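The exercises below concern a single protein chain. Please consult the sequence and the three-dimensional structure while working through them.

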Amino acid sequence: MPRFSVIVPAYKVQAYLSECLDSVLGQSYPDLELIAVDDCSPDACGAIIDEYAARDARVRAVHLAANQGLGRARNAGMAEARGDYLVFLDSDDTLTPDALHAIADRIKESGEPDVLMYDYARTYWDGRKVRNHLAAQLTEQGLAPFRLEDRPGLLGVLMVAWNKAYRREFVEEHGFVFPPGYYEDTPWTFPVLMTAGSIATLDRVCVHYRQRRQGSILGSTSPQHFDLFEQYDRVFTYVEQHPGLARWRPELFRVMVDHCVTVFARPGRLPRGSHGEFLRRARAHYRRYRVPGTRMRRRNILIRFGLHRTFRALQLTSAVRRRTLKAVVKLARAVRAGALRLHYRIQLRLPVRADRAVFTAGAGRGHSGDPGALEEAFRTHAPHVRTAWIARPEHQHTVPPGPRRLRPGTAAYWTALARSKYLVTDDMLDRRLRKRREQIVIQTRQGTPLKHMGLDLQERPAAARGTDFAELLRGVDQWDLVLSGNRHSTLTWERVFPGRYTTLEYGAPRNDAFQRATPADVARLRGLLGIPEGAVAILYAPTFRDHQHTQHPLLDLDRIARRLGPRFVILARPHPTRGGPLGTGTRVIDVGGQPSVESLCLASDALLTDYSSLMFDYAGLDRPIVVHTADWQAYRASRGAYFDLRAFPPGAVARTEDELIDIFATGHWRGSRSAQLRAAFRERFCPYDDGRAAERVVRHVVLGDHGLPSVVPVEERTPAPSACARSPLATVPRPSGSFPVTERR
């Protein structure tokens, strides 16, 4: 008997069905049966299902003689099911990789609950993925399993059948079936959740919910939207038949009324001329199931009285109000912009202040990177210079005490740009900036370049993405000083960003922290991130891929963590432009929201990356680096590279996911060959990263002191040791046995 029966009803989805079935059969958890129900589909769905059944014994084809609708097609699939748990999946949606494995693990952990709820993400035709905004309701913290009364907020999560796994014996014992018609999930999910003796949650996206360009059936115009009333009749009838569930009537009543208003108010759902009848039916249901004292949303009060014309009048009034407000806001913004332009022109006529410096990183990100390290060095070595930091509102909290906080576009922002002598950035400054002769612009850049940059992108249209190279060069003309960490960077910057600036080859200020940090600092950072004591922490930091419209992860971090065992944890840091977690397992820690990548480097024991420039910084820590180069040829063809990373790597190189697992499992990641490669890489790219780069910059630029601190030789430096270096690890035992077929790539 299989663990899961995955039931997929299919009707007129031939373009999506194969992807759906593949997502089930490709799961790393093979103990399943796939029951595909052809709901007498007029297209090729039936033939596709038969082809899959012929190829894979786990697929069972069910063909209905006439079209029954989604609910009855699911019932037909349930009648054939033999699995311990039922999983429903719509035929244009997909299971995420390893979803069933995670569901099985959670079911076992929570003691075989009647229902397990998991999360989903909406996937759009343009490649966007948006996670359910109520994901917080699915937290795994607290009691497990539980009953609905322990966490009633779960009733607010999308009431569909396909975001839950159901114990089959529980479903059969209570005789749950899907009714015919639209909104068939309503009289299924509410009774199931209210009746379940045990519920558990899984905080993981297990389903990708496809959002088609033409929309779903429920978003189309049809008189079948009136089925909504009959479906809620079924829900309340079930409650009446089970007096112990009466406590849920107020919540069900509130949900029903809100659902009616949603269907009524959404344009394009109800046929023309049927709105009045729909509202009359809604008013009748309001009166039939009303629970006195139930608090309602303001808009739902109209259902109580069935005021069709009043509702439309309020909608029109609201639309007029929105348009008026929009016009007023637009006028106010224009007036404010004009006032700020005048303010800036006035400030440009006032003297530049030699005791002022303004800093920013990444177009308004928080206090970080080389500008952040320089700002601290200004306060330490040139305390007479008052510093200010420009950050967008959402990053203001990252600015430490000391510098003045500025928001882009404010009067204080334009004053600082007009009158500060020192302007420090790692990106392009505001294009409206008029640099004054007395000002000094310090460009720090963002690390050592591996991929092509600047004018070299003229030959890489996919990577350039419409870059205005004339505007880029106008920005370069404002630079006075450019920081460089090594000779390779110096030669590259001066060629791809041609200008009259002076290059300061002093090292990367942000890497000073690697030499100053202590073992106590490392332990504190690991504790803040929740890294278990004694664990080997791998920092995974992939780069952005210009040749991919959607940034699909190239590594299955959950699988890697499972294969390596409990001694390893992975700190997953997605590229800032990617967003979204890279893994969901208990040993994969999402650190994408951490503002300081230097802190992540210090907390980790090894770096796993592909082509990220972080490897050049991490080499200065003298900790192991492993490079994953599965798509090197495609990356180099689309973005370009200044040298062959595979020929001159900073450590062990893995070309496949299984090679990567083997490198960590056998200890090669920290072997002698890895150390030799890292030493050569470090000598070439970290000649000045001795902990005093920021001091050298401040003394040269502000204090005019050319007797700069001498550079500490590489072999004499003492970067902060990793946690596992203090607790030597011989070799981590290789996972026993061979890789099962389902885990091979």
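Six exercises follow, each with a worked solution.

The model is predicted, so that local features need pLDDT of at least 70 and side-chain atom pairs count only at pLDDT 80 or more, while totals for chains, interfaces and linings use all residues. Residues are numbered from 1 along each chain as its sequence is written, and side-chain values use heavy atoms, with hydrogens and water left out.

**Exercise 1. Overall description**

Task: State the secondary structure, the dimensions and the buried share of the chain.

Solution.
- Step 1. Helices (H or I, at least four residues) and strands (E, at least two) are DSSP runs, numbered from the N terminus. The chain has 26 helices and 22 strands.
- Step 2. Along the principal axes, the C-alpha atoms fill a box of roughly 90 × 70 × 45 Å.
- Step 3. A residue is buried under 20% relative accessible area, exposed over 50%, and partly exposed in between (1.4 Å probe, protein chains only). Of the 745 residues in the chain, 54% are buried.

**Exercise 2. A salt bridge between distant parts of the chain**

Task: Characterise the salt bridge between Arg74 and Asp185.

Solution.
- Step 1. A salt bridge requires a side-chain nitrogen of Lys or Arg within 4 Å of a carboxyl oxygen of Asp or Glu. In the pair Arg74 and Asp185, the closest N and O atoms are 2.5 Å apart.
- Step 2. The two partners are 111 residues apart and link distant parts of the chain: Arg74 belongs to helix α3 (residues 70–80), and Asp185 to the loop between α5 (168–174) and α6 (186–195).
- Step 3. Arg74 is classed as buried because its relative accessibility is 1%. Asp185 is also buried, since its relative accessible area is 9%.

**Exercise 3. Further salt bridges**

Task: Compare the settings of the pairs Arg699–Glu695 and Glu149–Arg147, and place them in the wider count of salt bridges.

Solution.
- Step 1. Arg699 and Glu695 meet through their side chains at 2.9 Å, N to O. They are separated by about one helical turn, because they stand four residues apart in helix α25 (residues 693–703).
- Step 2. Arg699 is partly exposed, as its relative accessible area is 23%, whereas Glu695 is buried at 10% relative accessibility.
- Step 3. For Glu149 and Arg147, the closest N and O atoms are 3.1 Å apart. Glu149 is partly exposed at 35%, and Arg147 is partly exposed at 34%.
- Step 4. The structure holds 45 salt bridges. Salt bridges also join Glu33, Arg60, Glu80 and Arg82 into a network.

**Exercise 4. Surface patches**

Task: Identify the members of a positive patch and of a nonpolar patch.

Solution.
- Step 1. Patch members have over 30% relative accessible area and no salt bridge; like charges are joined within 9 Å, and nonpolar side chains (Val, Leu, Ile, Met, Phe, Trp, Tyr) within 5 Å. Lys and Arg count as positive and Asp and Glu as negative, while His and the chain ends are not counted. The place of a charge is NZ of Lys, CZ of Arg, CG of Asp or CD of Glu.
- Step 2. Arg341, Arg345, Arg349 and Arg434 form a positive surface patch. Arg345 lies in helix α11 (residues 308–348) and is exposed, because its relative accessibility is 52%.
- Step 3. Leu342, Ile346 and Leu350 form a nonpolar surface patch with about 260 Å² of accessible area together. Such areas come from the Shrake-Rupley method with a 1.4 Å probe; for residues, only the protein chains shown count as cover.
- Step 4. Leu350 is in the loop between α11 and β10 (353–360) and is partly exposed at 32%.

**Exercise 5. Side chains that contact the backbone**

Task: Which backbone atoms do the side chains of Gln27 and Gln478 approach?

Solution.
- Step 1. A polar contact is a pair of N or O atoms within 3.5 Å; within protein, one must be able to donate a hydrogen and the other to accept it, and residues adjacent in sequence count only if both atoms are side-chain atoms.
- Step 2. Gln27, in the loop between α1 (14–25) and β2 (32–38), is buried at 3% relative accessibility. Its side chain reaches the backbone nitrogen of Ala99 at 2.9 Å.
- Step 3. Gln478, in the loop between α15 (469–476) and β15 (481–484), is buried at 16%. A polar atom of the Gln478 side chain lies 3.3 Å from the backbone oxygen of Leu433.

**Exercise 6. Sequence and space**

Task: How many residues apart in sequence are Val261 and Ala282, and what is their C-alpha to C-alpha distance?

Solution.
- Step 1. Val261 lies in helix α8 (residues 249–265) and is buried at 1% relative accessibility.
- Step 2. Val261 and Ala282 are 21 residues apart in sequence and 8.6 Å apart in space, C-alpha to C-alpha.
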